[in-house]
Amino acid sequence: MDVIRLLGIRDTPLSVDEVLAAVGDHAAGGTAVFVGTVREQDHGKPVTGLSYSAHPSAEAELRQVAEKVAADFPVTALAAVHRVGDLELGEAAVIVAVAAPHRDEAFKASRRLIDDLKANVPIWKHQLFADGETEWVGAGE
């Protein structure tokens with residue numbers, strides 16, 4: 001069975017329960033989950049909302065990132081989903097989860113998965129601030 005259990009770029013709300021269910025594995029002694037949410041401020045300025053856009057190649061790039069993590073760490077399962085479209089404060093923008101035989105491996109692999117996703121998958125964030133300013137943040141920034 002493939003250790004990459006769930007990958008996706010979605011315009012619908014993300015579910016921690018779905019991601020956890022995808023990585024459930026009896027061979028795992030630890031599962032690490034990261035949930036990135038829309039926060040109420042950035043750069044010390046109030047945020048009123050944001051929107052994510054993805055390049056058509058984003059899912060293929062996400063798969064490459066996941067394959068590299070699976071090759072570099074002894075994981076039993078991994079999953080990663082990212083939201084696109086308009087999001088409200090507090091909504092989940094990204095969820096990654098990794099199951100591994102031991103907790104240290106799960107933590108390290110999940111950290112690499114989210115870091116590499118943010119650095120390499122072409123997804124851009126358009127942040128809206130309360131003062132009317134906006135900011136674009138892209139892959140690798």
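Which residue in S6 is the bridge partner of Ser-51? The bridge partner is Asp-86. Strand S6 covers residues 85-87 and runs antiparallel to S4, joined to S4 by three bridges. Strands here are DSSP runs of E with at least two residues, helices are runs of H or I with at least four, and both are numbered from the N terminus. Two strands are said to pair if DSSP finds at least two bridges between them.

The model is a predicted one, in which local features need pLDDT of at least 70 and side-chain atom pairs count only at pLDDT 80 or more, while totals for chains, interfaces and linings use all residues. Residues are numbered from 1 along each chain as its sequence is written, and side-chain values use heavy atoms, with hydrogens and water left out.

Strand S4 (45-54) has further partners. With S8 it pairs in the antiparallel sense over seven bridges, and Tyr-52 has Lys-125 in S8 as its bridge partner. With S3 the pairing is again antiparallel, over two bridges, and Gln-41 is matched with Pro-46 in S4. S3 and S4 form a hairpin with two residues between them. His-43 is placed in the loop between strand S3 (41-42) and S4. Most residues other than glycine have a negative phi. His-43 is not a glycine, yet its phi is positive, about 55°. His-43 counts as exposed because its relative accessible area is 56%; the classes are buried under 20%, exposed over 50% and partly exposed in between, with a 1.4 Å probe and protein chains only.

A separate description applies to an open sheet of four strands, in the order S1-S5-S7-S2 and with mixed pairing. Its edges are strand S1 (4-10) and strand S2 (30-37), each of which pairs on one side only. From one strand to the next the twist averages 5°. Axes are lines fitted to C-alpha atoms, for helices over the stretch in contact, and angles run from 0 to 180 degrees between N-to-C directions. Helix H2 (residues 58-72) packs on this sheet and touches S1 and S5, its direction making about 150° with that of S1. Strands of a sheet pair through backbone hydrogen bonds, either parallel or antiparallel. For S5 (residues 77-83) and S7 (residues 92-100) the sense is antiparallel, over six bridges, and Ala-79 stands opposite Ala-97 in S7.

Ala-97 is a useful point from which to follow the packing. Ala-97 is buried because its relative accessibility is 0%. Not counting residues up to four places away in sequence, Ala-97 touches Val-19, Val-23, Ala-32, Val-33, Ala-77, Leu-78, Ala-79 and Leu-113, where contact means heavy atoms within 4.5 Å. One of these, Val-23, belongs to helix H1 (residues 16-23). Val-23 also counts as buried, at 1% relative accessibility. The C-alpha atoms of Val-23 and Ala-79 are separated by 6.5 Å, although the two residues are 56 apart along the chain. Outside its neighbours within four places in sequence, Val-23 is in contact with residues including Arg-5, Thr-31 and Ala-99.

The remaining topic is the largest pocket. On a 1 Å grid over the protein atoms alone, a cavity is a set of points where a 1.4 Å probe fits but cannot get out, whereas a pocket is an open set with protein on both sides within 12 Å along at least five of seven lines; lining residues have an atom within 4 Å of a point. The largest pocket holds about 500 Å³ of space, taken as the space filled by probe spheres set on the points, which are joined across faces, edges and corners. Its lining consists of 26 residues, and Arg-39, Tyr-52, His-82, Lys-118 and Lys-125 lie nearest its centre. Two or more residues each come from S2, S4, S7, helix H3 (103-120), strand S8 (123-129) and strand S9 (134-137). S8 gives the largest share, four residues. By type, the lining divides into 14 nonpolar, six polar and six charged residues; Ala, Val, Leu, Ile, Met, Phe, Trp, Tyr, Cys and Pro count as nonpolar, Asp, Glu, Lys and Arg as charged, and the others, Gly among them, as polar.

His-82 is found in strand S5. His-82 is buried because its relative accessible area is 6%. Leaving aside neighbours within four places in sequence, the contacts of His-82 include Gly-8, Ile-9, Arg-10, Tyr-52, Val-94 and Ile-123.
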